[in-house]
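User: Please take one part of this model and go through it closely, following the chain outward from there. I would like a single connected account with the cut-offs stated.

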Amino acid sequence: MVMNAVFLSGGGARGAYEVGVLKALLKDGPPIQLIGGVSIGAINAVLACTGQLDQLVDVWQRMSAFRVYRPRLDVWNFTKWTSLTENRALMKRLRDQVHWARLPHSPLQVFISATNINLRQNEEFTNPEITYRHVMASAAIPVLFPPVRIGKHWYIDGAYSHMRPLKPLLKAGADRIFAVFLSPRRPRLSPPSSLFEMADRVLETVLYSSIAADRAQIENTNQEIDRLTELGVDPVTFQHKPYRAVKVMAIHPSRELGKVGSYLMISGEKAKELMELGMSDCYRVLKRHEFI
């Protein structure tokens, strides 16, 4: 049986696009057995695994910035700040509204990651061990959101240390991976025009580059397998998991998802627009690869 997987990248408020992709993919795409995510992608992935995708659509459509985070106002305590905002509202929603008891028994195996800033390493978590704290940790963009304590250690966004984000899906046996990006395929050629846009570009690069590099490495492996096959090497020789041929299909937004600050600017109207675009782009990819 062909094992299909999807990976959801990070991108803050742009993550509504991924919800649209998931709706199209889970409804009309090939059966998905594995799902990975980091940052906002971790939140979307976990709720897909708990069977709350429709609820997630509703949440995004009623979303506002103040339901997720608030700027810190305790300026007298500035020297002890570890973030510019506090996001207790999001933590409470995840803790109280996600059906965590479903996760260990979900037919979807989920992988999310977070950066352990004590041990300076990336750590992966899967169904039985994931709690709301692990999801919050994966989405804790440094400086913007506070780090999250799990046990004795403190964690931030997994995107900042994940060099091989698709690897857990490969190790779990994925034969095909749908990699969902939150930036268009076409590069932005104009230089940044402000400090805010510079920060926006840096964050975009961090979130985009590791997935793109991992995809390129997988494609290089596929080419090497083809070359060995043409030379007459028995395919059984390289059928163990690290050297399987794996098809990676990228789903890119067909247009920019927002201007400077779009990672943080949340509104129900914008979320609905991004979800519709995600569905449209996903169907385009499914049609191109002859799944529909």
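Analyst: Helices (H or I, at least four residues) and strands (E, at least two) are DSSP runs, numbered from the N terminus. The model is predicted, so to speak of local features a pLDDT of at least 70 is needed, side-chain atom pairs count only at pLDDT 80 or more, and totals for chains, interfaces and linings use all residues. Residues are numbered from 1 along each chain as its sequence is written, and side-chain values use heavy atoms, with hydrogens and water left out.

The starting point is strand S1, residues 4-8. Five of its five residues are buried (under 20% relative accessible area; over 50% is exposed and the range in between partly exposed, with a 1.4 Å probe and protein chains only). In a regular strand the side chains alternate between the two faces of the sheet. In S1, Asn4, Val6 and Leu8 point one way, while Ala5 and Phe7 point the other way. Both sets are buried.

S1 has a paired strand in S9 and another in S2, where pairing requires at least two DSSP bridges between the strands. With S9 (residues 176-180) the sense is parallel and there are five bridges. With S2 (residues 34-37) the sense is again parallel, over four bridges. Phe7 gives a reference point in both pairings: alanine 179 of S9 stands opposite this residue, and so does glycine 36 of S2.

Between S1 and S2 the chain runs through helix H1 (residues 16-28), and the three elements make a right-handed β-α-β unit. Right-handed here means that, with the strands pointing away from the viewer, the path from the first strand over the helix to the second runs clockwise.

H1 leads on to helix H8 (residues 268-288), against which H1 packs. Two packed helices are described by the angle between their axes and the distance between the axes. For H1 and H8 the angle is about 40° and the axes are 6 Å apart. The axes are lines fitted to C-alpha atoms over the stretch in contact, and the angles run from 0 to 180 degrees between N-to-C directions. The pair is therefore oblique, the class left over once angles under 35 degrees are called roughly parallel, over 145 roughly antiparallel and 65 to 115 roughly perpendicular. H1 passes H8 in a right-handed crossing, that is, with the near helix turned clockwise from the far one by less than a right angle. Residues of H1 in contact (heavy atoms within 4.5 Å) with H8 include Tyr17, Val21 and Leu25. On the H8 side, Leu274, Met275 and Tyr283 are among the residues met by H1.

H8 also meets helix H3 (residues 53-61), with axes that come within 7 Å and cross at roughly 135°. H3 and H8 are therefore oblique to each other as well. Val57, Trp60 and Gln61 of H3 make this contact with Gly268, Ala271, Lys272 and Met275 of H8. Ala271 and Met275 are also among the H8 residues that meet H1.

In the segment after H8 lies glutamate 290. Its phi is near 60°, a positive value in a residue other than glycine. Glutamate 290 counts as exposed, at 70% relative accessibility.

Helix H2 (residues 40-49) is mostly covered, with 10 of its 10 residues buried. Among them are Ile40, Ile43, Val46 and Leu47. Leucine 47 has a relative accessible area of 9%. Not counting residues up to four places away in sequence, leucine 47 touches Gln52, Leu53, Leu56 and Val98. Leucine 182, by comparison, is 135 residues from leucine 47 in sequence and 19 Å away in space, C-alpha to C-alpha. After H2 comes glycine 51, with a positive phi near 75°.

Another positive phi in a residue other than glycine, near 80°, belongs to valine 143. This valine sits in the loop between helix H5 (132-138) and strand S7 (148-150), and is exposed at a relative accessible area of 53%. S7 then pairs with S8 in the antiparallel sense over three bridges, and arginine 149 has tryptophan 154 of S8 as its bridge partner. Two residues separate S7 and S8 in a hairpin, where glycine 151 in the turn has a positive phi of about 65°. S8 (residues 153-157) also pairs with S5 (residues 109-116), antiparallel over three bridges, with tyrosine 155 in S8 as the bridge partner of asparagine 116.
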